[in-house]
Amino acid sequence: MRLDIKHWKLLEAVGKHGNLGRAAEVIGVTQSALSHRLAEAERRLGNPIFERDGRRLRPTPAGHALIQAAQVLLPELARAEKDFELTAQNANHLVKIGIAAYSAYHWVPGFLASLPVKREKLQVDFVAAATREAENTLLTGATDLLISPVNIDNSAFSSVPLIQDELVLVTHPQHPFADKPWVIAQDLSDVDYLTYSLDALPGFEYERFIKPSGIRLRHIQSVEMTDAIVEMIAVDLGISILSKWAITRSLKQELVVAVPLTENGLPLTWHVLTRKSDAKHPAVQLTLNALCEWFTAN
């Protein structure tokens with residue numbers, strides 16, 4: 001290998017932050033030292049890795065491929081060290097699960113109770129950061145399994161369908177919409193609408209339901225936690241469009257009501273994603289299989 005681990009760390013940091021100054025802060029070296037390290041890497045490889053664009057460094061096409069490799073390799077090395085530490089402490093494996101977009105953990109106790117191995121042999125942690133930074137947490141190794149309401153298009157990931165769900169309008173039980181057989185987008189033009197993201201996320205309600213209708217929502221409030229949105233709806237402070245599965249507990253407790261979107265509904269498929277590099281990782285695959293079996297049974 002022509003590059004050392006210090007060069008791979010440089011590639012990952014500069015690729016993420018776009019300039020040597022910020023990358024040097026993250027790595028913990030001076031900007032001058034990092035500049036020399038970059039020059040050394042380019043000398044070893046015989047070609048430029050980055051091109052200057054003002055103060056920013058933009059990767060060349062070949063450099064972009066190296067950065068993608070660094071984003072995969074470094075988390076793998078870090079986790080190998082962590083797995084070693086856990087094994088040395090008689091805890092064989094740690095697997096980290098995240099849920100994209102929604103803070104939905106009502107299923108966790110039942111799933112953990114169903115695991116086919118003793119808890120001291122497999123530790124499962126849950127990562128809240130995946131709610132907002134789903135793809136990044138899986139790419140960097142912060143999560144090992146990502147439960148997502150969209151199938152993220154990334155060549156580094158493998159994906160399997162987990163459950164069939166639907167997007168629904170969520171209202172207070174006494175709201176005028178609560179007794180409707182379904183709603184159309186035009187019904188929402190003058191309501192107090194709560195959203196967990198102002199971004200038009202692909203595959204979600206704005207792209208599939210609101211935008212095609214041509215309407216404009218007049219009263220929008222951003223509430224970045226979906227469980228907080230449900231709590232607000234339960235006291236009649238607005239309505240929202242959410243995953244029906246994600247609000248299962250609140251529906252069972254009759255705190256809120258789910259109303260179909262259009263006469264035909266708006267289906268949603270949840271997926272579970274892993275890194276392709278974990279295809280032979282025993283703990284990740286065991287947890288993935290257990291997850292799929294549990295959701296199929298429940």
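Is the crossing of H1 and H2 left-handed or right-handed? The crossing is right-handed. The model described here is predicted.

## Overall make-up

The chain has 298 residues, and buried residues account for 45% of them. Its secondary structure consists of 10 helices and 11 strands. Along the principal axes, the C-alpha atoms occupy a box of roughly 70 × 50 × 30 Å.

Among contacts in the chain with a separation of 6 or more, 73% are between residues 24 or more positions apart.

## Helix H1 against helix H2

Helix H1 covers residues 5-17 and helix H2 covers residues 20-27. Their axes come within 8 Å of each other and cross at roughly 130°. This angle makes H1 oblique to H2, because angles that are neither under 35 degrees, nor over 145, nor from 65 to 115 count as oblique.

On the H1 side, the contact is made by Lys-9, Leu-10, Ala-13, Val-14 and His-17. H2 contributes Leu-20, Arg-22, Ala-23, Val-26 and Ile-27. By class, the residues of this contact are 7 nonpolar, 1 polar and 2 charged.

## Helix H2 against helix H3

H2 also packs against H3, at an angle of about 105° and with the axes 9 Å apart. That makes H2 roughly perpendicular to H3, since the range for this class is 65 to 115 degrees.

From H2, the residues in the contact are Leu-20, Gly-21, Ala-23, Ala-24 and Ile-27. From H3, they are Gln-31, Leu-34, Ser-35, Arg-37 and Leu-38. The residues of the contact of H2 with H3 comprise 6 nonpolar, 3 polar and 1 charged. Leu-20, Ala-23 and Ile-27 of H2 are listed in the contact with H1 and also in the contact with H3.

## The buried face of H2

Which residues of H2 are buried? They are Leu-20, Gly-21, Ala-23 and Ala-24. Viewed down the axis of H2, these buried residues fall within an arc of 165°, so they line one face of the helix.

The cover over the buried residues of H2 includes H1, helix H3 (31-45), strand E1 (50-53) and strand E2 (56-59). Of the buried residues, Leu-20 and Ala-23 belong to the contact with H1. Leu-20, Gly-21, Ala-23 and Ala-24 belong to the contact with H3.

## Two residues with positive phi

Most residues other than glycine have a negative phi. Ala-101 is not a glycine, yet its phi is positive, at about 75°. Ala-101 sits in the loop between strand E3 (93-99) and helix H5 (108-114). Its relative accessible area is 14%, and it is therefore buried, the cut-off being under 20%.

Asp-236 is not a glycine either, and has a positive phi of about 65°. The loop that holds Asp-236 runs between helix H8 (226-234) and strand E9 (240-243). Is Asp-236 buried or partly exposed? With a relative accessible area of 42%, Asp-236 is partly exposed, whereas Ala-101 is buried.

## Leu-94 in strand E3

Strand E3, which precedes the loop of Ala-101, contains Leu-94. Leu-94 counts as buried, with a relative accessibility of 9%.

How far apart are the C-alpha atoms of Leu-94 and Lys-121? They are separated by 8.7 Å, while the two residues are 27 residues apart along the chain.

How values were computed
Residues are numbered from 1 along each chain as its sequence is written. This is a predicted model: local features need pLDDT of at least 70, side-chain atom pairs count only at pLDDT 80 or more; totals for chains, interfaces and linings use all residues. Side-chain values use heavy atoms; hydrogens and water are left out. Axes are lines fitted to C-alpha atoms, for helices over the stretch in contact, and angles run from 0 to 180 degrees between N-to-C directions. Helices (H or I, at least four residues) and strands (E, at least two) are DSSP runs, numbered from the N terminus. A crossing is left-handed if the near helix is turned anticlockwise from the far one by less than a right angle, and right-handed if clockwise. Contact means heavy atoms within 4.5 Å. Ala, Val, Leu, Ile, Met, Phe, Trp, Tyr, Cys and Pro count as nonpolar, Asp, Glu, Lys and Arg as charged, and the others, Gly among them, as polar. Buried means under 20% relative accessible area, exposed over 50%, partly exposed in between (1.4 Å probe, protein chains only). The arc is that of the directions from the helix axis to the C-beta atoms.
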